[in-house]
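Hi,

Here is the structure I said I would pass on. Have a look at it first, and then read on for what turned up.

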Amino acid sequence: GPGQDAISDLRKILDIAWQNNLGMILSLWSFDMLRSSIGEPYLSRNKLLLRDTLYTKAYINNSLIPMVRELKGHPAIIAWEVFNEPEGMSVEFGWSSITTADIPMVDIQRTVNLIAGAIHREDPNAKVTNGAWSFISQTDVTNLAKVSITLLETPTQEEKRKIEEQFERKYKVKLSAENILTEFMKSSAANMNYYRDDRLIQSGGDPKGVLDFYTMHYYSWAGTLLSPFHYPYSNWQLDKPLAVAEFYMYDTFGVKYEDLYKVLFNTGYAGALDWGWDDTQLSTRAKQAMKDLFHTNPYDLVVNPKSGVIYLFRAGSTILEKGDSTLIEWKAALGSQVTLNNAAVPVNSSQFVKPNQTTFYQLITKGEVPSTATILVEVLPSGKIISFKASSKQIGAGESTTLIWETTRGSVVTLNNMLVDEDDSMQITPVENLTKYTLIAKGEITDSAIIYISIVPVNQVNRALFRNATASSSERGLGHDKPEYTVDGDLNTYWSSEPSDLQWIEIDLGASYTIEKIIFYWGSAFAEKFRVGVSHDKINYQLLKQTLSGSGGIETLENLQGTGRYVKILLDKRATQAGYSIKEIEIYGKPFITYISDDKPRAPTSFFLSQNFPNPFNPETVISYHLPVNSFVTLKVYDILGREVATLVNEYQQAGIYNSQFAIRNYQLSSGVYFYRLHAIPQSGKQTGDYVQTKKMIFLK
């Protein structure tokens, strides 16, 4: 029998599921019934159930039929599944590393036939399925298994890693990729659909013992030729609908995990059930993927539609500047009467809106389930500071940093009482130990923001702070997907990679430095082995440090010797099964200065006009530029109205690096914004076309 309280407990589970809008497929048996580790007497008893119809029918009469009889008609039951991956205990496909695989497939077919027939007789409305382990046992497409073996003879190291990881997580057994492929591809029989109606009836003799739909599982060991994500449902030439009932929410041979549900839906599969009940990351990914699919296709996915229900109501952006527009979209159940801000609209449509002030948009439906949804679109007034930041708030003596700001359209903006553009940046070189910069924006409102720039000993400046960071991959879906989180100065944020060994993260320091120390603040998943390299050009790297036994936590690399602008961390081997997780990376070093023994400028590889230094300036500043070839050069200064106020260079110059001084005392000029313009006409070499570049500088009395 089913055991004391088993049926009543199952009913409670189904009740709770239905209260939470969940349906369930109830799986009766699994390959685990012959898992070697369960031992006697269970193995012998379970083998009898599969081999001897007297025992099969005893189970059906004493356990199965009472369950179906008591639970039939429960709205939470989607279907009954006879087996979960029964091929694992079969002679033809069995996994000797996991099970005592000595049950012929014909016995499994007979058991499926007898159990399905019994369920259909007891509950004619019930649906029955069976969870096949692969298309190898689910399709008659010719020679599929042999083709797949050929495909997987030489998997890449990354493919091997994925095969091993997924196998261990799924089957709780650790094997090498080679052993897994040998285990799963050792078939003594050609691939075929073992669960076709005529084959089941021939094995068990029950004409009602057929499946209502197929379910099939997919893991990375099956490559692409056995993949539902790479071939449409029609490829398998099946006679019933097919749901892909197990797969991991990982990127799959070029298909991004966020697209897995979408691909199955768009290529004809009847359903999708990801495998991820034991992993918050995978569950979160699946939830978002299902939401996205629902928002796109609610009319195809809602099982019992009721008029009045709102499926989707969203805006492309809920924060605008004046003059901007945003797209509002909505989808309501068919048969609903819908209004948007009291105006009748279709049940499924969209509309661009361009509000002049902060506005509520309300969608109201009438029908069986009247509903209301609201969106607030905020319109920012002129005079609002959207952002104000510095590329570095700590610098060494004589070093520069850049202030960057963004304000709303129509603002009048000043920086330390000097008129500046609404959205702009400025390189500054403070001379005081602590300098205050105040940004004020005026318009419909007045807003202000303050940044303090401090000068500290040069070896105490974190060169990585707020710099650009890139990575080989990012964990998407949980909010840890930005490499910039490793350089934002906040230990509460962190970047995580995809769960594989060979990953990297690189930080652009903005200029070249002599690197002396790097500090890693690891999250819960750190690197056991990693390397750190530095480069001037992102092509040629110098190895700074190699670590073969990373400790996690706060890890400091000291006494480093190397120079460059780009610091790349090669994460070679994980200490955990999760992806690498880094809260913060701090890099310390001194500005790298190239000294040329003959005092002659070294020919650069391209034209370049640098920002003047210092800026703002008083009474003088230096403008540097690079000439890769001999050129005729003019360097001129203009006021804010475009009038020429000075010619600093007007001559033929050879290739090299040049510095030109602009001293304000030589001209009668007032405080304000000025522009300098470099025009170089190449006279030799392979360079073609003039080089023209203009930059802004500020004179403060």
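Among contacts in the chain between residues at least 6 apart in sequence, what percentage join residues at least 24 apart? The figure is 68%. Before you go further, please keep in mind that this is a predicted model.

**The chain as a whole**

You are looking at 701 residues, and 48% of them are buried. The secondary structure comes to 11 helices and 37 strands. Along the principal axes, the C-alpha atoms fill a box of roughly 110 × 65 × 45 Å. The radius of gyration is 34 Å, while a compact globule of 701 residues would have one near 27 Å.

As for the surface, about 33,700 Å² is exposed, with carbon and sulfur atoms supplying 50% of that area. The chain carries 67 positive and 76 negative charges, and the mean positions of the two sets are 2 Å apart.

**Around strand 22**

A good place to zoom in is strand 22, which covers residues 446–455. Strand 21 (residues 434–442) runs antiparallel to strand 22, and 9 bridges join the two. If you want one pair to click on, Tyr-437 has Ile-451 in strand 22 as its bridge partner. The link from strand 21 to strand 22 is a hairpin through 3 residues.

Strand 22 also pairs with strand 16 (residues 394–395), this time in the parallel sense and over 2 bridges. Here you can look for Ile-395, whose bridge partner in strand 22 is Ile-455.

Then there is Ser-425, which lies in strand 20 (residues 424–428). Ser-425 counts as partly exposed because its relative accessibility is 36%, which falls between the cut-offs of 20% for buried and 50% for exposed. Leaving aside residues up to four places away in sequence, Ser-425 touches Thr-402, Leu-403, Ile-404 and Trp-405. For a sense of distance, Gln-661 is 236 residues away from Ser-425 in sequence, and their C-alpha atoms are 22 Å apart in space.

**Some backbone oddities**

Most residues other than glycine have a negative phi, and most peptide bonds are trans. A few spots in this model go the other way, and they sit in the early part of the numbering:

- The peptide bond from Glu-40 to Pro-41 is cis, its omega being near 0 degrees. Pro-41 belongs to the loop between strand 1 (24–30) and helix 2 (42–51).
- Asp-5 has a positive phi, near 70 degrees, without being a glycine. You will find Asp-5 in the segment before helix 1 (6–19), and at 45% relative accessibility Asp-5 is partly exposed.
- Asn-21 also has a positive phi, near 60 degrees. This residue is in the loop between helix 1 and strand 1. Asn-21 counts as exposed because its relative accessibility is 71%, and the cut-off for exposed is over 50%.

**Three loop residues to look at**

Is Ser-134 buried or exposed? Its relative accessibility is 2%, so Ser-134 counts as buried. Ser-134 sits in the loop between strand 3 (128–132) and helix 5 (144–151). Not counting residues up to four places away in sequence, Ser-134 touches Met-216, His-217, Trp-221 and Leu-226.

Gly-73 is in another loop, between helix 3 (53–71) and strand 2 (77–84). With 68% relative accessibility, Gly-73 counts as exposed. Gly-73 and Asn-125 are 52 residues apart along the chain, yet their C-alpha atoms are separated by 7.9 Å.

Finally, Asp-690 is found in the loop between strand 36 (672–682) and strand 37 (691–699). Asp-690 counts as partly exposed, at 47% relative accessibility. Its contacts, again without residues up to four places away in sequence, are His-679, Ala-680, Ile-681 and Pro-682. How many Å separate the C-alpha atoms of Asp-690 and Phe-184? The separation is 65 Å, and the two residues are 506 apart along the chain.

That is it from me. Have fun turning the model around on screen!

Cheers

Conventions
Residues numbered from 1 in each chain as written. Predicted model: local features only at pLDDT ≥ 70, side-chain atom pairs only at ≥ 80, totals over all residues. Heavy atoms only, no water. Helix = DSSP H or I, 4+ residues; strand = E, 2+ residues; numbered from the N terminus. Buried < 20%, exposed > 50% of the residue type's maximum accessible area, 1.4 Å probe, protein only. Contact = heavy atoms within 4.5 Å. Rg over C-alpha atoms; globule rule 2.2 N^0.38 Å. Areas by Shrake-Rupley, 256 points an atom, 1.4 Å probe, with all protein chains shown as cover. Lys, Arg positive; Asp, Glu negative; His and termini not counted. Charge placed at Lys NZ, Arg CZ, Asp CG, Glu CD. Pairing = 2+ DSSP bridges.
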